[in-house]
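Visitor: I would like to learn how to read a model feature by feature. Where do we start?

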Amino acid sequence: MSGQSDTKSRLSRRTLLASLLILIVIPITIGIGIFVLDDRKYFFISLLILLYTMVPFAIVFERRKPQARELIVIAVLTAIAVAGRGAFFMLPQFKPVVAIVIIAGICFGAESGFLVGAMAGFASNFFFGQGPWTPWQMFCFGIIGFIAGILFQRGWLRKTRLSLCLFGGISTLLVYGGIINLGSLLMFTPHFTWEGLLAVYASGFWFDMVHAVATVFFLFILARPMFEKLERIKVKYGLIDP
């Protein structure tokens, strides 16, 4: 019993540290990139975000050495998200990235979900173009994976299609769209106004809606087979326990 309590305590501290980094340190870093570095050091800011993300993920292995196969699974999920974004390049906003990030967060924990999302945003922009928007996209993809992992651990998100599609659609529309539209405003004007923010949200609504529909669509068709494959891999090789 004490062992189980210790494990729960360790996971709680790890999640707390991840929340501190993701919800406070990373937004402050993005803010420094905008207001102090004038949006000109986005590569540096993107790498800092990846570094922050690595810290809680590394704590998963605090009492044992990481196995290469564990890291490979994370890398493969990231590669699938990047390839999926590239495969649908001809359809603006109709991408499977958020769906795969949600699946990663549920299967391998909130920290892994954020890591897959941030890395997918960074790596895929080598094809779509790097810029001041990269840290924002990394954060938006990652935070949805993190929230999915937390909600699943709490039992508030289930692996049913209805639950996943509801969460995926709402989080893509409100979390991704809400943050990235704010980022768009701050990227193009140093003067924040509520009228400008409203205009950005209104002009981006249908793009956000297409993105949300795409997330629902890909979760509907991909979630079940990917869960089956990933759970089988976890059991067979004893991979990361969220």
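Guide: We will take the fold, the surface, the salt bridges, the pocket and a few contacts in turn. Keep in mind that this is a predicted model.

Visitor: How many helices and strands are there in the protein chain?

Guide: Begin any reading with the secondary structure. The protein chain has 8 helices and 0 strands. Read from the N terminus, the order of elements is α-α-α-α-α-α-α-α.

Visitor: What share of the 242 residues is buried?

Guide: Burial is judged by relative accessible area, and under 20% counts as buried. Buried residues account for 48% of the 242 residues in the protein chain.

Visitor: Which residues form a nonpolar patch on the surface?

Guide: For a patch, look for nonpolar side chains that reach the surface together. Here the members are Leu20, Leu23, Ile24, Ile28, Ile32, Phe35 and Val36. Together they have about 700 Å² of accessible area. Take Ile24 as a sample. It sits in helix H1, residues 2-35. Its relative accessible area is 44%. Ile24 is therefore partly exposed.

Visitor: Now the charged pairs. How many salt bridges does the count come to?

Guide: The idea is a distance test: a side-chain nitrogen of Lys or Arg within 4 Å of a carboxyl oxygen of Asp or Glu. The count comes to 2 salt bridges. In one of them, Lys159 pairs with Glu231, with the closest N and O atoms 2.9 Å apart. Lys159 lies in the loop between H6 and H7, and Glu231 in helix H8, so this pair ties together parts that are 72 residues apart in sequence.

Visitor: What is the partner of Lys234 in a salt bridge?

Guide: Lys234 also pairs with Glu231, and the closest N and O atoms are 3.8 Å apart. Both of these residues lie in helix H8, 3 residues apart, about one turn of the helix. The bridges share a partner, and Lys159, Glu231 and Lys234 are joined into one network.

Visitor: Is Lys234 buried or exposed?

Guide: Compare the relative accessibility with the cut-off. Lys234 is at 16%, so it counts as buried. Lys159, at 34%, is partly exposed. Glu231 is partly exposed too, with a relative accessible area of 25%.

Visitor: Let us turn to empty space. What volume does the largest pocket have?

Guide: Rolling a probe the size of a water molecule over the atoms shows where empty space is left. In this model the largest pocket has a volume of about 530 Å³. Of the 22 residues that line it, those closest to the centre are Arg85, Gln93, Gln137, Tyr176 and Ile180.

Visitor: Which helix gives the most to the lining of the largest pocket?

Guide: Check how the lining maps onto the elements. H7 gives the most, with 6 residues. At least two lining residues each come from helix H5 (110-128), helix H6 (133-154), helix H7 (161-188) and helix H8 (194-237).

Visitor: How many nonpolar, polar and charged residues does the lining have?

Guide: Sorting the lining by class gives its chemical character. The lining of the largest pocket has 11 nonpolar, 8 polar and 3 charged residues.

Visitor: You named Gln93 by the pocket centre. What is its phi?

Guide: Backbone angles deserve a separate look. Gln93 has a positive phi of about 70°, although it is not a glycine. This residue is found in the loop between H3 and helix H4 (97-108). Gln93 is partly exposed, with a relative accessible area of 26%.

Visitor: Last topic: contacts between parts of the chain. How far apart in space are Thr53 and Ala118?

Guide: Set the separation in sequence beside the C-alpha distance. Thr53 and Ala118 are 65 residues apart in sequence and 8.1 Å apart in space, C-alpha to C-alpha. Thr53 lies in helix H2, residues 42-59. Its relative accessible area is 3%, so Thr53 is buried.

Visitor: Where is Gly84 found, and what separates its C-alpha from that of Ser124?

Guide: Gly84 is in helix H3, residues 68-87. The C-alpha atoms of Gly84 and Ser124 are separated by 9.5 Å, and the two are 40 residues apart along the chain. Gly84 is buried, with a relative accessible area of 11%.

Visitor: What separates the C-alpha atoms of Ala123 and Thr78?

Guide: The separation is 8.6 Å, for residues 45 apart along the chain. Ala123 is found in helix H5. At 27% relative accessibility, Ala123 counts as partly exposed.

Technical notes. Residues are numbered from 1 along each chain as its sequence is written. This is a predicted model: local features need pLDDT of at least 70, side-chain atom pairs count only at pLDDT 80 or more; totals for chains, interfaces and linings use all residues. Side-chain values use heavy atoms; hydrogens and water are left out. On a 1 Å grid over the protein atoms alone, a cavity is a set of points where a 1.4 Å probe fits but cannot get out, and a pocket is an open set with protein on both sides within 12 Å along at least five of seven lines; lining residues have an atom within 4 Å of a point. Grid points are joined across faces, edges and corners, and a volume is the space filled by probe spheres set on the points. Helices (H or I, at least four residues) and strands (E, at least two) are DSSP runs, numbered from the N terminus. Ala, Val, Leu, Ile, Met, Phe, Trp, Tyr, Cys and Pro count as nonpolar, Asp, Glu, Lys and Arg as charged, and the others, Gly among them, as polar. Patches are made of residues with over 30% relative accessible area and no salt bridge: like charges are joined within 9 Å, nonpolar side chains (Val, Leu, Ile, Met, Phe, Trp, Tyr) within 5 Å. Accessible areas come from the Shrake-Rupley method with a 1.4 Å probe; for residues, only the protein chains shown count as cover. Buried means under 20% relative accessible area, exposed over 50%, partly exposed in between (1.4 Å probe, protein chains only).
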